[in-house]
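User: I would like to go through this structure with you, one topic at a time. Could we start from the entry below?

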Amino acid sequence: MLIGTANPFLGLDQIITESAPLGPHTWYKIGGPARYYIQPRNLEELQQATRRCVDHDIPVYVLGLGANLLVSDDGVDGAVFRLDADHWQEVTYTGSVVTANAGTDMAKLVLATSRRGLAGFECLAGIPGTIGGGVRMNAGGKFGDIGSVVTDVTTMDLEGNLYQRTKDDLVFDYRSSNISAKFILSATLNLEEDDPEIVTRRMKEIWMYKRNSQPLSVKSAGCIFKNPRGLSAGALIDQAGLKGLQVGGAEISTIHANFIAAHPGCRADDVLKLINIIKEKVWEKHQTHLETEVQIWR
Ligand code: EPU
């Protein structure tokens, strides 16, 4: 518990955990602690907590489902916000228009929209993450991306000011968006009415493609690198002969070379070393620079 006048979060103790291990909140299950782990239950608590961070110069991190994240072994000396309370997972449907709060699990929304016969979001099948994280990095794959159905986004800065961004001033590119505000609070998706059976079948096909081509039974953070324009990072790593290469508990997947599996005992440092080796070797072999897609907190 935080005590005394030095406590930057006085009065907010119910939503704060100090020195909270972050590993359990990531798909990799590795990495050190957050100095503060904050779970606001509503907008007011979020605004109060972020203003305290500003007042006390505490760096702010926003955690989604931790699916595309590698936390260093030392953890982060800052405040990690997690929007996982009920409020942040609310979804409203108005015909084919869906508004989902930031903490909504994309996988659950893919299922729900497909079953309702709402098409356009099933391309996200098998891509883990929250709506907030997904919109921020324009989550997607070869079947489409979230940016193509997003029409409105509500964001918040660290002072707690809210902003409404509409389609006209939103730009989504390959694994990126032009949203710079620290927090995405909700997003509206414009989907199309279709036959639930057809949408569900498409969702299953997309999911099967992923299951057949990616190592889903090992701990990983999905694809480690972005695909260089017109190329496949996985194929480049594969052609460099790196499949199966290990550093400590980290191993380049033999199924899909753009995945680094974390075996028992793996440290974040093992994964980071392997990332650097891959970059060097791919540069030597193909003169192509690989950029990480996975977020690295250190
Ligand atoms: N390939 C190889 N060797 C490998 C891996 C791939 O030769 O080890 C070849 C495949 O045979 C294929 C090509 O490379 O011809 C592309 O591979 P794949 O179809 O698996 O697609 P990808 O570009 O590697 C992208 C996304 C994935 C997403 C899939 C399917 C990126 C970096 N990756 O993978 O997203 O699941 O399409 O939609 O954009 C992620 O973002 O974490 C992720 C896994």
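User: How many salt bridges does a search of the whole structure find?

Analyst: The search finds 9 salt bridges. Please keep in mind that this is a predicted model.

User: What about Arg35 and Asp77, how do their side chains meet?

Analyst: They form a salt bridge, with an N to O distance of 3.6 Å. Arg35 belongs to strand E2 (residues 33-38) and Asp77 to strand E5 (residues 76-82), so this pair ties together parts that lie 42 residues apart in sequence.

User: And Asp77, buried or exposed?

Analyst: Asp77 is exposed, because its relative accessibility is 55% and the exposed class begins over 50%. Its partner Arg35, at 41% relative accessibility, counts as partly exposed.

User: Which residue forms a salt bridge with Arg41?

Analyst: The partner is Glu45, and the closest N and O atoms of the two are 2.6 Å apart. Arg41 is partly exposed at a relative accessible area of 39%, whereas Glu45 is buried at 12%.

User: What is the N to O distance for Arg165 and Asp169?

Analyst: The side chains of Arg165 and Asp169 meet in a salt bridge at 3.0 Å, N to O. Here the arginine is the buried partner: Arg165 has a relative accessible area of 16%. Asp169 counts as partly exposed, with 34% relative accessibility.

User: Which residues are linked in a network?

Analyst: Glu122, Asp194 and Arg202 are linked in a network of salt bridges.

User: Let us turn to the ligand. Which residues come nearest to the ligand?

Analyst: There are 22 residues around the ligand, and those that come nearest are Lys142, Tyr174, Tyr209, Cys223 and Asn227.

User: What are the distances to the ligand oxygens for Tyr209, Cys223 and Asn227?

Analyst: An N or O atom in the Tyr209 side chain is 2.3 Å from an oxygen atom of the ligand. For Cys223, a polar backbone atom lies 2.7 Å from a ligand oxygen. For Asn227, a polar side-chain atom is 2.7 Å from an oxygen atom of the ligand. As for coverage, the ligand has 830 Å² of accessible area on its own, and the protein covers 77% of that.

User: Which elements give two or more residues to the shell around the ligand?

Analyst: Those elements are helix H4 (196-213) and helix H5 (233-239). H5 gives the most, with 3 residues.

User: What is the shell made of, by class?

Analyst: The shell around the ligand has 8 nonpolar, 8 polar and 6 charged residues.

User: On to the surface. Which residues make the nonpolar patch of about 250 Å²?

Analyst: That patch is made by Trp207, Met208 and Leu216. Leu216 is found in the loop between H4 and H5. With 37% relative accessibility, Leu216 counts as partly exposed.

User: Where does the side chain of Ser177 reach?

Analyst: The Ser177 side chain reaches the backbone oxygen of Arg136 at 2.8 Å. A polar atom of that side chain also lies 3.3 Å from the backbone nitrogen of Ile179. Ser177 itself is found in strand E14 (residues 176-177).

User: And Cys123, where is its place?

Analyst: Cys123 is in the loop between strand E8 (118-119) and helix H3 (131-136). Cys123 is buried, because its relative accessible area is 9% and the limit for that class is under 20%. Cys123 and Gly140 are 17 residues apart in sequence, and their C-alpha atoms are 7.2 Å apart in space.

User: Last topic, the backbone. What is phi of Asp57, and what is phi of Gln287?

Analyst: Phi of Asp57 is near 55°, a positive value in a residue other than glycine. Gln287 is also a residue other than glycine with a positive phi, near 50°.

User: Where are Asp57 and Gln287 placed?

Analyst: Asp57 is in the loop between helix H1 (43-55) and strand E3 (60-63). Gln287 is in the loop between helix H6 (268-286) and strand E20 (295-297). Asp57 is exposed, with a relative accessible area of 68%, and Gln287 counts as exposed at 51% relative accessibility.

Technical notes: Residues numbered from 1 in each chain as written. Predicted model: local features only at pLDDT ≥ 70, side-chain atom pairs only at ≥ 80, totals over all residues. Heavy atoms only, no water. Near = heavy atom within 4 Å. Polar contact = N/O pair within 3.5 Å; in protein donor to acceptor, adjacent residues only side chain to side chain. Areas by Shrake-Rupley, 256 points an atom, 1.4 Å probe, with all protein chains shown as cover. Helix = DSSP H or I, 4+ residues; strand = E, 2+ residues; numbered from the N terminus. Nonpolar A, V, L, I, M, F, W, Y, C, P; charged D, E, K, R; others polar. Patch = residues over 30% accessible without salt bridge, like charges linked within 9 Å, V, L, I, M, F, W, Y side chains within 5 Å. Salt bridge = Lys/Arg side-chain N within 4 Å of Asp/Glu carboxyl O. Buried < 20%, exposed > 50% of the residue type's maximum accessible area, 1.4 Å probe, protein only.
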